[in-house]
Amino acid sequence: MKIQPDFRELSCSECTQGAGLEFDFSMALQPIVNATTRTVFAQEALVRGLNNESAAKVFNHVNDTNRYRFDQACRVKAIKLASELEIDSLLSINFMPRAVYRPELCIRATLKAAKEYGFPIERIIFEVTEGEKVDDYDHLRSIVDHYKQRGFLTAIDDFGAGYSGLNLLAEMQTNLIKLDMALVRNVHQDRVRQSIIKGILQVCRDLDIEVIAEGIETAEEFETLQSFGIELFQGFFFAEPAFESLASISWR
């Protein structure tokens, strides 16, 4: 007999304790920096095990029956941690499109957590990972539209690496996109990647979408992309994820 997902509404404390899951997890934070102003633009909440195990190990426990509960717990844990650390930047949270069955209902835990922990919703970014295959564009667009209407910022993560590419951007326009690290890697040595990124930047400028370059590891990658006009960056070149804390940033 197939076990159906549990969509019952839980309290914030239940979500942070992993209610409805047979496992628990925590979060690390990695900054997204504005290299022009030398400020932190956002902190991205990244899933980790209770002892800082990798996200991959945590996701091994996620399946169709607990995906909704896991997605809800991620949101609440991220907001609680951001509040405890008193971050004054934006907070970026990844969400799983297949876990959101009705956006107006699934957002309730986020709104409740933001109120309970005193974190403004206008400082929350929801990232959808482009690497996850999208079977229902209308559903995903409805999620993004609803989040934007409620005052959240939205982003496409791993842009340029997944199944849809520019088709996904044609279906919906988020506030931000994050260039995938596969495009960024050794970009200073690759004219093809340079041309592709310049094309994406032009499209985003026309659509008033901000671009974040993620996965920056070297000065050459950073300097090349900065010369293209990109201001927002994320990667080990600046800071590695910090488990349950804020990372020290190496300003170059």
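## A turn after helix α10

Just after helix α10, Gly 229 adopts a positive phi of about 105°. The model described here is a predicted one.

Helix α10 itself spans residues 219–227, and its buried residues are Glu 221, Phe 222, Thr 224 and Leu 225. These residues lie on the same side of α10, because they cover an arc of only 165° around the axis. The elements that cover them include α8 (181–184), α9 (191–207), β7 (210–214) and β8 (232–234).

## Overall composition

The protein contains 10 helices and 9 strands. Of its 252 residues, 50% are buried. The accessible surface comes to about 12,000 Å², and carbon and sulfur atoms account for 46% of that surface.

Contacts across the sequence are also described for this model. Among contacts between residues at least 6 apart in sequence, 69% join residues at least 24 apart.

## Strands β2, β3 and β4

Strand β3 covers residues 90–95, and it is largely enclosed by the rest of the structure because 5 of its 6 residues are buried. Strand β2 (residues 39–48) pairs with β3 in the parallel sense, over 4 bridges. Within this pairing, Ala 45 has Ile 93 of β3 as its bridge partner.

Strand β3 also pairs with β4, again in the parallel sense, and this pairing has 5 bridges. Here Ile 93 has Phe 126 of β4 as its bridge partner. Ile 93 is thus a bridge partner both of Ala 45 and of Phe 126.

## Strands β5, β6 and β7

Strand β6 comprises residues 176–179. Leu 176 and Lys 178 point one way from the strand, Ile 177 and Leu 179 point the other way, and all are buried.

Strand β5 (residues 153–159) runs parallel to β6 and is joined to it by 3 bridges. Ile 156 stands opposite Ile 177 in β6. Strand β7 is likewise parallel to β6, with 4 bridges joining the two. In this case Leu 179 stands opposite Ala 213 in β7.

## A buried salt bridge

The structure holds 12 salt bridges. Side chains of opposite charge can pair when their charged atoms come close. One salt bridge is formed by the side chains of Lys 178 and Glu 127, at 3.2 Å from N to O. This pair links distant parts of the chain, with Lys 178 in strand β6 and Glu 127 in strand β4 (residues 124–129), 51 residues apart.

Lys 178 has a relative accessible area of 0%, so it is buried. Glu 127, at 1% relative accessibility, also counts as buried; the cut-off for this class is under 20% relative accessible area. The two residues belong to a network of salt bridges that links Glu 44, Glu 127, Lys 178 and Glu 214.

## Partly exposed salt bridges

A further salt bridge joins the side chains of Lys 80 and Glu 84, at 2.4 Å from N to O. Both residues lie in helix α3 (residues 67–84), 4 residues apart, which is about one turn of the helix. An α-helix has 3.6 residues a turn, so residues three or four places apart point the same way. Lys 80 counts as partly exposed, with a relative accessibility of 26%.

The side chains of Glu 171 and Arg 141 also meet in a salt bridge, at 2.7 Å from N to O. This pair links distant parts of the chain: Glu 171 is in helix α7 (residues 166–171) and Arg 141 in helix α6 (residues 137–149), 30 residues apart. Glu 171 is partly exposed, with a relative accessible area of 34%. Arg 141 likewise counts as partly exposed, at 24% relative accessibility.

## A nonpolar patch on the surface

Leu 166, Val 203 and Leu 207 make a nonpolar surface patch of about 230 Å². Leu 207 is found in helix α9, which is among the elements that cover the buried residues of α10. With a relative accessible area of 39%, Leu 207 is partly exposed.

Conventions: Residues numbered from 1 in each chain as written. Predicted model: local features only at pLDDT ≥ 70, side-chain atom pairs only at ≥ 80, totals over all residues. Heavy atoms only, no water. Buried < 20%, exposed > 50% of the residue type's maximum accessible area, 1.4 Å probe, protein only. Contact = heavy atoms within 4.5 Å. Areas by Shrake-Rupley, 256 points an atom, 1.4 Å probe, with all protein chains shown as cover. Arc of directions from axis to C-beta. Pairing = 2+ DSSP bridges. Patch = residues over 30% accessible without salt bridge, like charges linked within 9 Å, V, L, I, M, F, W, Y side chains within 5 Å. Salt bridge = Lys/Arg side-chain N within 4 Å of Asp/Glu carboxyl O.
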